[in-house]
Amino acid sequence: MIPEQPLAGHNPDILTCLANLSADEVFTPPKLASAMLDLLPPELFQSPETTFLDPCCKSGVFLREIARRLNEGLRDQMPDEQARVDHILTRQVFGLATSELTGAISRRSVYCSKKANGKYSISASFKTVEGNIRLPKAQHSWGQNGRCEVCGAVRLELERDESRETYAYPFIHGIDPEKVFNMQFDVIIGNPPYQLNDGGHGASASPIYHKFIESAKSLSPRFLCMVTPSRWFTGGKGLDEFRSTMLKDRRLKVIVDFPKLYDGFPGVKIRGGISYFLWELTHNGPCSVRTMWDGKPLGEVGIRYLDAYDVLVRRNEAVTILEKVQAFRFDEEQETTLDKSVSSGKPFGFRTFFHGRSTPAGLNDPVKLHGSQRTSWVGRSEILRNVSWVDDWKVLMTAVQGTSAAVETMFLSRPKIAGPGEACTETYIVAGRFDSQEQAECFAAYLKTRFVRFLVSLRKATQHATREVYSFVPSVPLDREWSDEALYTRYDLSEGEIAFIESTVGPME
């Protein structure tokens, strides 16, 4: 039914209604784009000389919001509206599209026409269809392994005839936007594609967003502002060098982090959340770290250097707790951490999908095997790695832990104790090996504490609970069954620090 009266004041923004291309190529909500632009000095939008580049245009939201601010900021200097609009669109805002489709969408958002020189374009100065939102033709650099040496794309999937797009994103495949537009850029801002399928097992994919950031830095803009998945804070395939470089970069001025699933991009599942950052060429100092929750600032803003640890500790409230744990000395010596004793993946050589026999009957020296779906049996001679571990008491932890919930509160699975004569597939890792059942039970109780799971959470941004997530967890003596209260006392945590841990991590019955 059509209402008799139009909804008063209802003027929906079409860019809030677009369906995302995928979970890895996400349209930026206008509200988020505006918040990113708020980080930039206001005077940039009051100068007719400031130049802006979005090197990964999808909806055109950044260029549209920039043009809107410039139009307002230059009103007094350039009172003729058409001349002002023409100047902004032809001399100040530029973009490289990610595909033909996103190029058309972006031009529609910025020029009000999918053709920059079309009848309905708000600028009469363009002579070409693309205007200043272009898609220069770029090529993948295919290596001998059949993958692109730049982005990791699989040749068999993306090498196509000229009628189909190859997704060789120009900005990271050798196209220099300064030469394309004959322009140097003061501000580079955008939301790059996150990953491409790399042909690995299952849905394996390689991240590519960091390549956009590295390419942008190489142009030495005055300011760089980009959205990324927050996975780079602690992990991510092929991101170790990128993370190290980012944490040491004193030009990184602000990070705004959305750790809650769906918070930054409503309806889009990006495990570990998303964040955006401001990088300033002339900045040389600590970084402001802000945490957002349900769209609002959470806690105090932290001003700190980011390279105190090998990962980015995303919550400011966690820093003092971690400092106390790492400063603790037992018998005048620094405690070791659990990553030194936790196994790597496939501790006994069996893949997740491997299943042994349903009974031990007929097996010579049978070993009970814990797997993903059921317990089965194998002969000891079938075990491929760490055969000597079979006779130990072991504490097993699942190698993947996490749900689709917007807020993670457990971070680790319930420990499983495996006795002598037992092994596991790569569904589990071996968290510890012991001489007695009593020691194994004490260790399992320790892993269930909120204290341990909180320290794990500082390094765990996705479902994967590999050996590395235990790198902040101290290896305490197993001469007792540890409780959270005893651990809080041991590390001299304040009431506020305890409250923070218990607000973050749920109890494990």
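A residue counts as buried when its relative accessible area is under 20%, as exposed when the value is over 50%, and as partly exposed in between. Arginine 433 comes out at 40% relative accessibility, so this residue is partly exposed. That cut-off comes back several times below, and the model it is applied to is a predicted one.

Start with the chain as a whole. The protein chain holds 509 residues, and 52% of them count as buried. Its C-alpha trace spans about 85 × 55 × 55 Å along the principal axes. There are 13 helices and 19 strands to keep track of. About 24100 Å² of the protein chain is exposed, with carbon and sulfur atoms supplying 49% of that area. As for who touches whom, take the contacts with a separation of 6 or more: residues 24 or more positions apart account for 69% of them.

Now for the sheets. Strands of a sheet pair through backbone hydrogen bonds, and they can do so in a parallel or an antiparallel way. One open sheet here is built from nine strands, lined up as E3-E2-E1-E4-E7-E9-E8-E10-E11, with mixed pairing. At its edges stand strand E3 (133-134) and strand E11 (296-304); each has a single partner strand, so one side of each is left without a neighbour in the sheet. Further in, strand E1 (residues 52-57) runs parallel to strand E4 (residues 187-190), and two bridges join them. Within this part of the sheet, phenylalanine 52 stands opposite valine 187 in E4.

Helices lie across this sheet too. Helix H7 (residues 209-218) lies across E1, E4, strand E7 (223-229) and strand E9 (274-280), and its direction makes an angle of about 175 degrees with E7. Helix H9 (residues 316-327) lies across strand E10 (287-293) and E11, this time at about 50 degrees to E11.

Another open sheet has three strands, in the order E15-E14-E18, and again the pairing is mixed. E15 and E18 are the edge strands here, each with a single partner strand, so each has one side without a neighbour in the sheet. From one strand to the next, the twist averages 40 degrees. E14 and E15 pair in the antiparallel sense over five bridges. Proline 366 sits opposite glycine 379 in E15.

What about the inside? In soluble globular proteins, nonpolar side chains tend to be buried together. The largest nonpolar core of this model has 82 residues, and the members that touch the most others are Leu40, Ile66, Leu89, Trp232, Ile255, Phe265 and Phe277. Helix H2 (residues 61-73) gives the largest share of this core, six residues. Phenylalanine 277 is worth a closer look: leaving aside neighbours within four places in sequence, its contacts include Ile213, Leu224, Met226, Met246, Leu252 and Ile255. Another core, of 44 residues, lies apart from the largest one, and among its members are Tyr309, Val311, Phe454 and Val505.

Charged side chains come next. Side chains of opposite charge can pair when their charged atoms come close. Across the whole structure, a search finds 23 salt bridges. In one of them, arginine 351 meets glutamate 426, with 2.6 Å from N to O. This pair links distant parts of the chain, 75 residues apart: arginine 351 is in the loop between strand E13 (333-334) and strand E14 (366-370), while glutamate 426 is in the loop between strand E18 (422-424) and strand E19 (428-434). Arginine 351 has 33% relative accessibility, so it counts as partly exposed.

Arginine 380 makes a salt bridge with aspartate 391, and their closest N and O atoms are 3.1 Å apart. Both residues lie in the loop between strand E15 (375-379) and strand E16 (393-398), so this salt bridge ties together parts that are eleven residues apart in sequence. Aspartate 391 is partly exposed, at 44% relative accessibility.

Aspartate 392 has a salt bridge as well, meeting the side chain of arginine 433 at 2.9 Å, N to O. Aspartate 392 lies in the loop between E15 and E16 and arginine 433 in strand E19, so the two tie together parts 41 residues apart in sequence. With a relative accessible area of 17%, aspartate 392 is buried, whereas arginine 433, at 40%, is partly exposed. Elsewhere, Arg64, Glu65 and Arg68 are linked in a network of salt bridges.

Notes:
Residues are numbered from 1 along each chain as its sequence is written. This is a predicted model: local features need pLDDT of at least 70, side-chain atom pairs count only at pLDDT 80 or more; totals for chains, interfaces and linings use all residues. Side-chain values use heavy atoms; hydrogens and water are left out. Two strands pair if DSSP finds at least two bridges between them. Helices (H or I, at least four residues) and strands (E, at least two) are DSSP runs, numbered from the N terminus. Contact means heavy atoms within 4.5 Å. Axes are lines fitted to C-alpha atoms, for helices over the stretch in contact, and angles run from 0 to 180 degrees between N-to-C directions. A nonpolar core is a set of buried Ala, Val, Leu, Ile, Met, Phe, Trp, Tyr and Cys residues joined through side-chain atoms within 4.5 Å. Buried means under 20% relative accessible area, exposed over 50%, partly exposed in between (1.4 Å probe, protein chains only). A salt bridge is a side-chain nitrogen of Lys or Arg within 4 Å of a carboxyl oxygen of Asp or Glu. Accessible areas come from the Shrake-Rupley method with a 1.4 Å probe; for residues, only the protein chains shown count as cover.
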